[in-house]
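Let's take a walk through this model, going from strands to rings to charges. Have the 3D view open as you read.

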Amino acid sequence: MPSITADAFLEALDLPSEHPYAIPQDNVLEHVKAEWSISSYFGSVAWTKDQPTSSSLGPNECEKFPSPSWARTQHGHVTDRYQEAGYPANNSNAVDFLEEIRPCLVSMFKMNIILWAPLILAICLKKLYFQKRALRQLEPDCSAGTPSLQANQKRRYLIASYAPSLRKATMARDEQRRQASEPYQNNSFERLLLLLSLFFNAISVMASFSTIFSIEEKNKDAKTPNPNDSNDDSCKKCRHSESICDAQSEGTYIFSSEWMAYVVALIFSAVIMNDAMYVLEFTQSNLVALHLFVISISLKRFGSKLSLVTALPISAIAFYIMAHLDLDLPSIQPGLYYDETNPFISEAVQEWPVDKRTYDDGRGTPWMMTGDTRTGLPFMVNNIQEQNFVRRWVPLPEENEAVILDIAFPDSMEISTSCIVYLVLHGINGNSNEGYVVDFAHRQVAQGNIVAVMVTRGLGDSSIVGHNILNFARVSDVNAAAKALKRAINQVGPESGRMLLAGVGYSMGAITLANYVASDSKCDLEVAIAISGSLDTTQQPYFQRSASLWQPFVAKAMRDALFSKYSRQIRHKLDQEQLKEVMKAKSMVDLDRALFVPYHDFESLDDYYSQMGAMADWERNRYEGRISNVSIPLLCIQALDDVVGYWKTFHDPTKVSKSGDGNTVLLFTRTGGHVGWPLGWNPAVDGWRWMSDAASSFAESVDRVRRNRSL
């Protein structure tokens, strides 16, 4: 096989190593100075900018630096980006900062409850089921006196014990009345704390009185014991009936560690039986049985009255939510969907090793129970290996812009002309240093292949000269990168041994890749693999679980990245009210609606998403649309427990696989998460190997079929 060197491939690529249209650094540093500083952990992000003037810039440079309405202090500097975005000047920085991060804090609270629910539930069950019952005797001692005297002493002791709770409840009620008479203020956090304090004080008061009444009822049925009676049913210590001592000891469980473990177990078992990921993993009937099992354990430990009184409100709320909550579980069956009437696709599927596309056979990480853990934990535990990239810029002369290509070559001096060249598109807020991208690049260069990572325009350390910031509905950048790589492949390799150009996209990169393949029936790629990407993006706003749990973090990271680099362009295009909506965005859907739609002049959010997804026009075009234009093998890999990508964006996989010429292949796994698919008990050992091997093995099978047909 003929071979080439990395330098020969770069020479054939013929791309500049620096931004071809970049503004000279001296002009940038002289006229636009951005200086960021974090005043405190809960302080505002403040910076200073010197406004460029028409007298200091030439006519061409003035077009690069338009003059928006700068919010200037007496010193001529912008000091608070929240005031510049439209927040009232009398608001404190801390309040503004909390206003921005509140969605992330709420999501973090929800996420921790959901993720830690199984572990906390297991700890509580262990304490309830396996720990030996230990009764704490309250003072005064019941060794003397009649049952009626015992009850009076017990009542006085309990009322004295719960007097602080009664006082706290009264003070909280008075404080609530006082605040109700004052003008309304935006102190939701303080009101939440007050509500929680009232709730727990109410529980303490109700528990104290229920304990008193239960003692009195049992004392009515108890008989006065005979001191000389040596009945085995009597208490060895106080010579009273055993039921009387049980009545005394029952009150000791309220707010004991065992009772608190019971309450926590009830709450967390109710949470997981109403969470879609746990229901998808374990089925709702099993989770309901677990909730009832928690109640059954408490019946023996605390007695029927205390157990049922505690469980009734929690269980009633849980079952009410279950009856009215639509969990929106996937109706798609896991498996491989493809058109058997397409001979090329059929041969490629036969060449594709079954082991490389199988995940639900027990090879996953067993202690990662849901799609949430399979999505987040791999980024925390997987080892990211170092990978060297050679940077080149792909010019976009129509816009005076350029996009980055970070290229990884094999370590060997010789590169086979029959290798595979991969064009990789990373996920949202990512770059070429993303863990799964580096994992894929490291594995492929070890096999002698070339990996070129296209950094989304404006993300990472890429720059934008003009005003056309990133736009996820745009496919022209991918088209330019693919054409550049295809041109280099045609120059370095003969037609008979020509390299295969394959595209691999992750998450948002998968959405862009599929949209590019569906938009251009003559695209320069020869095979494409979209991993954890949506096809019909118009359905994505209906994925409420993703919007409330995962998207707030993504939206804040995206907003901070854009404002840190392109605040000048954004403030020039959007007015104060629009900027205020951008700062309030709670999810990526809200950020798309508030920022990308008005900035790029889309008619609406639906218009933006209609141009973003490969199947966004699926229903409007009688189940055909752009996806029928796919002219190369397009593989979509998706886990049904994906917590970011919505399963409904794929509609009917059977119809999708048969659309057009039948070049679309869909692989659904039951588990795997979003860009996850961890392996083994220690997922750090294999990293993202399953995901990388599934993509590369399909590209290799297509390459083998292509070569066999060319013989």
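Strand β10 (residues 500-506) and β11 pair in the parallel sense over 5 bridges; for strands to count as paired here, DSSP has to find at least two bridges between them. Helices (H or I, at least four residues) and strands (E, at least two) are DSSP runs, numbered from the N terminus. Before going on, some ground rules: this is a predicted model, where local features need pLDDT of at least 70, side-chain atom pairs count only at pLDDT 80 or more, and totals for chains, interfaces and linings use all residues. Residues are numbered from 1 along each chain as its sequence is written, and side-chain values use heavy atoms, with hydrogens and water left out.

**The strands**

Back to that parallel pair: Ala502 has Val527 in β11 as its bridge partner. Strand β11 covers residues 527-531, and 5 of its 5 residues are buried (buried is under 20% relative accessible area, exposed over 50%, partly exposed in between, with a 1.4 Å probe and protein chains only). In a regular strand the side chains alternate between the two faces of the sheet. In β11, Val527, Ile529 and Ile531 point one way while Ala528 and Ala530 point the other way, and all are buried.

On to β8, which pairs with β10 in the parallel sense over 6 bridges; here Val424 has Val504 in β10 as its bridge partner. β8 also pairs with strand β9 (residues 450-455), again in the parallel sense, over 5 bridges, and Tyr422 is matched with Val451 in β9. How many of the residues of β8 are buried? The count is 6 of 6, so to speak a mostly covered strand. Ile420, Tyr422 and Val424 point one way from β8, and Val421, Leu423 and Leu425 the other way.

**Rings**

A pair of aromatic rings is described by the distance of the centres and the angle of the planes. The structure holds 17 aromatic pairs; rings of Phe, Tyr and Trp (its six-membered ring) pair if their centres lie within 6.5 Å, and planes under 30 degrees apart count as stacked, over 60 as edge-to-face and the rest as tilted. Tyr422 turns up again here: with Phe440 it makes an edge-to-face pair, 5.0 Å centre to centre and 90 degrees between the planes. Tyr422 lies in strand β8 (residues 420-425) and Phe440 in helix α16 (residues 435-446), so this pair ties together parts that are 18 residues apart in sequence. Tyr422 is buried at 0% relative accessible area, and Phe440 is buried at 0% too.

Phe596 and Tyr608 are stacked, because their ring centres are 6.3 Å apart and their planes are at 20 degrees. Phe596 sits in helix α22 (residues 588-599) and Tyr608 in helix α23 (residues 605-612), 12 residues apart. Phe596 is buried, with a relative accessible area of 0%, and Tyr608 counts as buried at 0%. Both belong to one aromatic cluster with Phe472, Phe602 and Tyr609.

There's a charge on a ring as well: the charged end of Lys573 sits over the ring of Tyr599, 5.0 Å from its centre (NZ of Lys or CZ of Arg has to be within 6 Å of the ring centre and within 35 degrees of the ring normal).

**Charges**

A search of the whole structure finds 27 salt bridges, each one a side-chain nitrogen of Lys or Arg within 4 Å of a carboxyl oxygen of Asp or Glu. Here are three of them.

| Salt bridge | N to O distance |
|---|---|
| Asp372 and Arg545 | 2.6 Å |
| Asp406 and Arg391 | 2.8 Å |
| Lys556 and Asp560 | 2.7 Å |

Asp372 lies in helix α15 (residues 371-381) and Arg545 in helix α19 (residues 544-549), so their bridge ties together parts that are 173 residues apart in sequence. Asp372 is buried at 2% and Arg545 is buried at 14%. Asp406 lies in strand β6 (residues 401-408) and Arg391 in strand β5 (residues 390-396), so that pair ties together parts 15 residues apart. Asp406 counts as buried at 3%, whereas Arg391 is partly exposed at 26%. Lys556 and Asp560 are 4 residues apart in helix α20 (residues 551-573), separated by about one helical turn. Salt bridges that share partners also join Arg498, Glu526, Asp703, Arg706 and Arg707 into one network.
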